[in-house]
Amino acid sequence: MISKENVNNETPTSTGVVAVKVDDLTVAYNYKPVLWDIDLEIPEGVLMAIVGPNGAGKSTLIKSILGILKPIAGSVSIYNKPYQKQRQLVAYVPQKGSVDWDFPTTALDVVLMGTYGSLGWIKRPGQKEKKEALEALEKVGMLPFKNRQISQLSGGQQQRIFLARALVQNASIYFMDEPFQGVDATTEIAIINILKELRKAGKTVVVVHHDLQTVPEYFDWVTFLNVKKIATGPVKDIFNDDNLTKTYGINYKVSIQE
Amino acid sequence: MDVTEYIKLVFTDYTLRTITLGTAILGAVTGMLGSFAVLRKQSLLGDAISHAALPGIAIAFLLTGAKNSNILLLGALISGLIGTFWIRGIVKKTHLKSDTALGLILSLFFGFGMLLLTFIQKQPNANQAGLDKYLFGQAATLLESDVWMMAIVTGICLSVLLLFWKEFKILLFDADYTKTLGFHTKFIDILITSFIVLAIVLGLQTVGVVLMSAMLLAPAAAARQWTNSLSMMVLLAAIFGAFSGVFGTAISASQNNLSTGPVIVIVASVFVLVSFIFSPTRGLLFKQIRFIKNRRDLQLHKTLAFMYNIVESHENISHPHAIKILNNFQGYTKSTLQKLVRKNYVTIDGNMWSFTEEGFKAATNLYNQQINNNE
Amino acid sequence: MSSAQLEIQLIACLVAIACAIPGTFLVLRKMAMISDAISHSILPGIVIGFFITQDLNSPLLILLAALTGILTVVLVEYIQKTGLVKEDTAIGLVFPALFSIGVIMIAKNANDVHLDVDAVLLGELAFAPFDRLIISGADVGPKSLWIIGTILAITVGLLFAFFKELKISTFDAGLAASLGFSPVAIHYGLMTVSSVTTVGAFDAVGAILVVALMIAPAATAYLLTNELKRMLIYAICFGVCSAISGYWVAHWLDASIAGSITTMLGILFLAVYLFAPNKGVIAVLYREKQQRTEVSLLTFLLHLKNHTDERERHVNHLNEHINWQKVRSKSVLDLALKNNMILLDNNIVSLTEKGEAFTSKAINYIITNKDAQIEDMKDDFFLFRG
């Protein structure tokens with residue numbers, strides 16, 4: 001059961017500007033619909049969790065916003081312009097399991113990849129980019145590991161490297177796919193502190209999140225998703241039994257206890 | 001023929017020089033591009049492509065009647081690419097899995113190629129001699145012009161590689177992320193695949209259809225064991241590949257009846273074997289040694305911890321205790337005790353042992369560490 | 001047709017059947033490339049066996065070569081376990097090395113071994129009838145026929161004896177293990193049969209083309225059915241048809257029989273790949289187009305249901321907001337109209353009762369993950385498909 005005391009009372013720092021606007025988004029895998037007619041507005045400056053049961057389309061939503069998946073209908077705009085024109089405003093932290101961690105590369109190298117987007121084709125990262133990458137490593141507390149091969153890092157450390165890579169992009173909006181999955185408690189705290197810092201700096205952060213219990217503590221905004229959008233808004237207003245039941249079905253209490 | 005004599009011959013003899021140079025260049029370029037194939041988990045694609053190239057060679061010959069290897073290789077390139085894209089089509093459009101698609105294209109194209117080759121051999125006007133070499137490769141048939149061709153293609157590969165290094169690297173590591181950065185991933189993907197096909201086709205005359213895939217994989221697999229950096233891996237793979245070519249040529253040139261292809265493959269496989277066993281970080285030998293050492297350390301720590309528990313209750317830490325009481329404890333062996341004596345952690349007097357100042361300190365540290373770890 | 005021709009065709013058919021049976025399981029278990037590896041790496045086994053027996057058709061040679069096949073599988077699995085390279089790389093490293101050893105062994109002993117690498121790769125079915133098995137003075141037929149016949153008999157025997165185990169372990173390894181069928185035993189059993197079949201057949205159709213006979217008929221059959229028994233039967237039929245037609249094509253072109261059989265397999269696969277009723281490329285493309293329109297239709301209906309605001313329901317909104325091109329919007333609108341799902345009034349679209357019912361049902365199915373039922377529902381509601 002979620003008690004009301006846990007609810008984060010910080011008022012969202014939202015400025016009233018809409019950072020991400022999703023219109024009538026429908027996505028299908030093999031012509032099976034996974035997301036249905038999603039309308040969603042994410043205000044600037046919120047730290048938002050996307051929650052929903054397995055297979056609800058949480059990752060799919062992020063991936064289609066980022067153009068990795070092609071929706072069959074609908075459109076996405078970032079600060080009122082189509083996503084394609086606003087790419088540099090967006091950073092992405094994929095699921096940790098989506099890459100080959102045995103790849104021959106170092107932590108610093110991976111973080112440097114965050115600068116590739118602004119560099120564009122062919123141009124190589126130079127001293128300036130390297131400095132930025134080192135700063136990002138510092139911020140996530142991974143500087144001592146910069147020359148480690150990525151397979152020699154723990155799960156939590158790998159996740160921090162991914163976060164550092166996104167930080168280097170110096171974006172306005174951050175999308176993260178289950179950043180807390182399989183990480184140790186210290187890393188979880190470190191990551192959430194960085195996310196809160198980002199919010200303080202006026203950035204918008206969207207996180208696919210699994211652990212319902214920590215939602216009120218970590219986030220100020222939440223979207224309930226299960227193929228359709230169930231609800232979206234401030235945690236203190238809409239994070240309640242009613243919406244949880246609508247999203248998870250009658251058994252939602254079981255999934256909280258897990 | 002001894003080694004110095006052979007080396008002299010390489011520099012003086014035109015044919016041998018051409019062949020050595022050719023196989024070296026070939027080894028380098030396949031090693032280089034093979035690294036990408038291995039990291040993309042497309043190791044067996046090379047095998048399928050090289051087999052799929054065979055009908056292209058035969059059709060090019062049937063159409064032009066030319067023995068010019070460049071035209072034949074163009075045919076090989078086209079049919080290799082058709083094979084590659086058909087494999088993709090099968091995986092994408094049907095429920096057949098990639099291994100089935102690879103095996104299908106490989107064997108069907110090869111069989112069709114063999115049909116054409118045997119058909120050509122029965123033609124009365126055919127100056128067909130030499131098409132057989134594409135099965136197992138015959139480096140002896142390399143001409144200077146072929147080597148030039150290889151050098152040019154290698155040069156192009158190298159410059160494309162250097163130019164798009166950043167893009168190749170990020171696509172290989174994290175394709176989805178690459179897309180979000182605004183790179184055209186399909187273009188990079190097709191670029192890499194096309195160059196891999198090109199490298200395979202280039203090697204058909206020297207190594208042959210059947211064994212070409214090993215040239216792609218072996219140097220890269222060996223190189224991976226020695227380094228954790230992509231650039232180093234590509235460089236090492238190129239070096240291993242070149243050496244496999246040179247050594248393989250030398251061995252097959254000094255023996256009768258040996259096709260170059262199989263010998264080069266054996267040399268490359270030796271590189272792999274040595275790398276698997278002796279690589280300092282990943283190698284099986286050192287892994288085993290580390291494993292044994294860790295186990296010993298663990299035993300040592302266990303003994304120390306046990307001793308600490310006994311000594312703790314005494315006021316005088318150097319109070320002697322009977323060795324016997326250590327016996328019913330599994331971490332203890334005579335050799336671990338000897339080791340502790342050598343480290344000056346304990347002293348032994350008859351069948352009694354006692355901690356030294358140093359030993360007690362080490363044991364205390366260890367004990368505290370364990371407590372912390374348990375928390 | 002001479003008796004030699006008849007015997008060649010008979011041998012080819014038996015080889016095709018003997019290959020199709022293990023091939024079906026290899027394809028289903030995603031191990032097709034293992035058969036390619038085995039077919040290459042048995043070469044050193046054949047050569048050593050030949051040194052010992054001096055007879056390409058000796059059972060001992062077949063056993064030795066089959067052992068090399070198993071050795072390949074074990075080696076590949078060992079390398080995979082070390083984690084030093086990716087799984088497929090392990091296969092790609094092992095078989096060229098073993099094959100090269102075989103080729104070099106033949107080359108070094110060219111004077112003693114009357115073995116031709118080309119023949120190992122390609123086989124020469126045309127000569128098979130000349131090597132006859134003589135038992136106490138009586139000619140009982142070509143040796144190859146007896147060898148492949150024996151292998152086939154054993155394979156069929158094993159298939160009938162262990163059909164249930166094979167089936168369960170192929171589709172659900174976990175269940176098989178919990179029922180007490182050792183997946184390891186079945187795995188190595190299958191590998192052994194594949195190796196023995198490869199060795200037995202190489203002399204007729206050549207090592208590499210054994211791969212074609214194993215994979216192609218099974219893959220072709222897999223495009224036509226998902227049912228194991230049918231798949232086996234189809235695969236066998238495809239193998240036999242290709243074997244016979246391939247023989248006659250080779251006869252006509254005066255070219256390699258093995259190459260020609262493979263080519264026939266290729267043509268057969270291409271035809272099925274393109275035209276198979278459900279899983280063929282043309283059917284898939286057609287269905288994709290149909291489903292794209294139908295999913296679009298559903299999206300559109302759902303949108304109407306979600307938004308009561310007239311502006312959102314204006315025809316032009318389809319183009320602007322849902323982000324579709326004109327052609328697609330029009331075809332979706334037409335389909336909806338044809339199926340009486342919507343009403344058009346002054347360019348404002350609204351759902352009909354039927355449309356309402358359809359949409360509610362569809363949403364319900366999607367949210368409860370019963371996607372399959374949507375297809376049935378479409379049959380109930382649609383007068384015209386997309």
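Begin by selecting strands S7 (residues 173–177) and S8 of chain A, which run parallel and are joined by five bridges. As you look, keep in mind that this is a predicted model. Within this pair, Phe175(A) can be picked out as the residue that stands opposite Val206(A) in S8(A).

Next, add helix H6 (residues 185–200) of chain A to the selection, and you will have a right-handed β-α-β unit made by S7(A), H6(A) and S8(A).

Now turn to the other neighbour of the pair's second strand by selecting strand S3 (residues 47–51) of chain A, which pairs with S8(A) in the parallel sense over four bridges. Here Leu47(A) is the residue to find, standing opposite Val205(A) in S8(A).

With these strands in view, is S8(A) mostly covered or mostly open? Five of the five residues of this strand, which spans residues 204–208, are buried, so that it counts as mostly covered. In a regular strand the side chains alternate between the two faces of the sheet. In S8(A), Thr204(A), Val206(A) and Val208(A) lie on one side, Val205(A) and Val207(A) lie on the other, and all of them are buried, which leaves both faces covered.

Select Leu195(A) next, and show what surrounds it: leaving aside neighbours within four places in sequence, Leu195(A) is in contact with Leu47(A), Leu163(A), Met176(A), Phe180(A), Val205(A) and Val207(A).

From here the view can be widened to the largest nonpolar core, which has 283 residues, and in which Phe175(A), Leu195(A) and Phe269(C) have the most contacts. The largest share of this core, 16 residues, comes from helix H1 (residues 3–28) of chain C. Apart from this core lies another, of 24 residues, and to find it you can select Val227(A), Leu304(C), Leu333(C) and Met377(C), which are among its members.

Move on to chain B and select helix H11 (residues 185–207), whose end C-alpha atoms are 32 Å apart; this agrees with the 33 Å that its 23 residues should span at 1.5 Å a residue. Because 18 of the 23 residues of H11(B) are buried, this helix is largely enclosed by the rest of the structure. Just after H11(B), stop at Gly208(B), which takes a positive phi of about 95°.

To finish, colour chain B by its domain assignment, which gives domain 1 (3–282) and domain 2 (286–374). Taken over C-alpha atoms, the centres of domain 1 and domain 2 of chain B are separated by 57 Å.

Terms used
Residues are numbered from 1 along each chain as its sequence is written. Chains are lettered from A and ligands numbered from 1 in the order in which they are written. This is a predicted model: local features need pLDDT of at least 70, side-chain atom pairs count only at pLDDT 80 or more; totals for chains, interfaces and linings use all residues. Side-chain values use heavy atoms; hydrogens and water are left out. Buried means under 20% relative accessible area, exposed over 50%, partly exposed in between (1.4 Å probe, protein chains only). Helices (H or I, at least four residues) and strands (E, at least two) are DSSP runs, numbered from the N terminus. Two strands pair if DSSP finds at least two bridges between them. A crossover is right-handed if, with the strands pointing away from the viewer, the path from the first strand over the helix to the second runs clockwise. The expected span of a helix is 1.5 Å times one less than its number of residues. A nonpolar core is a set of buried Ala, Val, Leu, Ile, Met, Phe, Trp, Tyr and Cys residues joined through side-chain atoms within 4.5 Å. Contact means heavy atoms within 4.5 Å. Domain bounds come from an automatic or database domain assignment.
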